[in-house]
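Open the model in your viewer and show it as a cartoon. Keep a selection box at hand. We will go stop by stop.

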Amino acid sequence: MTTKTIKKRVRKICSCCGKEINVILYSDKNYRGGHYFGKVPVYDENSYKKATVKVEKKTGWRIVSGLKIKEKIEYWEWPRCYRGK
Ligand SMILES: [Zn+2]
């Protein structure tokens, strides 16, 4: 058995509902308390107006191109939102 030590406790905000999550980071790079999905892009609102939208006939998906990425944010969800999907 490996021993886990708590490295840090951090506060994250659930990207789904805004709830504050207490995340515990361990020295072995594991974490608990929330689910981390990686960094997601936030698009520049003005670029939406100029963006091109194509609707795929087969799937009905709207494919948007020409967007400008403003910044990237960490995407977290707390366990209840994660399970609710
Ligand atoms: Zn949530």
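This tour starts with the whole chain and then moves through its strands, turns and single residues.

**The whole chain**

Keep in mind that this is a predicted model. Colour by secondary structure. You should find 2 helices and 7 strands. Read from the N terminus, the elements run β-β-β-β-α-β-β-β-α. The radius of gyration is 18 Å, well over the 12 Å that the globule rule gives for 85 residues, so the protein is more spread out than a compact globule. Rotate the C-alpha trace along its principal axes. It spans about 55 × 30 × 25 Å.

How much of the protein is buried? Buried residues make up 6% of the 85 residues. Now think about contacts with a separation of 6 or more. Of these, 50% are between residues 24 or more positions apart.

**Stop 1: the open sheet**

Select residues 6–13, which are strand 1. Add residues 20–26, which are strand 2. Then add residues 31–32, strand 3. These 3 strands form an open sheet in the order 1-2-3, and the pairing is antiparallel. Which strands stand at the edges? Strand 1 and strand 3 do. Each has a single partner strand, so one side of each is left without a neighbour in the sheet.

Look at the pairing of strand 1 with strand 2. It is antiparallel and runs over 7 bridges. Two pairs are worth picking out. Show Lys 8, which stands opposite Leu 25 in strand 2. Then show Arg 9, which stands opposite Ile 24 in strand 2. In a regular strand the side chains alternate between the two faces of the sheet.

Keep Ile 24 selected and look across to strand 3. Ile 24 stands opposite Arg 32 there. Strand 2 and strand 3 also pair in the antiparallel sense, over 2 bridges.

**Stop 2: the turn between strands 1 and 2**

Strand 1 and strand 2 form a hairpin with 6 residues between them. Select Gly 18 in the turn. Its phi is positive, about 90 degrees.

Now select Ser 15, in the loop between strand 1 and strand 2. Is Ser 15 exposed, partly exposed or buried? Ser 15 is partly exposed, because it has 16 other C-beta atoms within 10 Å. Show its contacts. Leaving out residues up to four places away in sequence, Ser 15 touches Tyr 75, Trp 76 and Glu 77. Next, draw a distance from Ser 15 to Tyr 36. They are 21 residues apart along the chain, and their C-alpha atoms are separated by 10.0 Å.

**Stop 3: the turn between strands 2 and 3**

This hairpin has 4 residues between its strands. Select Lys 29, in the loop between strand 2 and strand 3. Check its backbone. Phi is near 75 degrees, a positive value in a residue other than glycine. Lys 29 is exposed, with 7 other C-beta atoms within 10 Å.

Step back to Asp 28, which is in the loop between strand 2 and strand 3. Asp 28 counts as exposed, with 11 C-beta neighbours inside 10 Å. Draw a line from Asp 28 to Ile 6. The two are 22 residues apart in sequence and 9.0 Å apart in space, C-alpha to C-alpha.

**Stop 4: the hairpin of strands 5 and 6**

Select residues 52–55 for strand 5 and residues 62–65 for strand 6. The two run antiparallel, and 4 bridges join them. Pick Val 53. Its bridge partner in strand 6 is Val 64.

Move into the turn, where 6 residues lie between the strands. Which residue takes a positive phi near 80 degrees? Gly 60 does.

Now select Val 55, in strand 5. Val 55 counts as exposed, because it has 9 C-beta neighbours inside 10 Å and the cut-off for exposed is 12 or fewer. Show its contacts. Val 55 touches Gly 60 and Arg 62, not counting residues up to four places away in sequence.

**Stop 5: helix 2**

Go to residues 79–83, helix 2. Select Pro 79, which lies in this helix. Pro 79 is partly exposed, with 13 other C-beta atoms within 10 Å.

To finish, draw a distance from Pro 79 to Asn 22. How many residues apart are they in sequence? Pro 79 and Asn 22 are 57 residues apart in sequence, and 11 Å apart in space, C-alpha to C-alpha.

How values were computed. Residues are numbered from 1 along each chain as its sequence is written. This is a predicted model: local features need pLDDT of at least 70, side-chain atom pairs count only at pLDDT 80 or more; totals for chains, interfaces and linings use all residues. The radius of gyration is taken over C-alpha atoms; the globule rule is 2.2 Å times the number of residues to the power 0.38. A residue is buried if 20 or more other C-beta atoms lie within 10 Å of its own, exposed if 12 or fewer, and partly exposed in between; C-beta atoms are placed from the backbone. Two residues are in contact if their C-beta atoms, placed from the backbone, lie within 7 Å. Two strands pair if DSSP finds at least two bridges between them.
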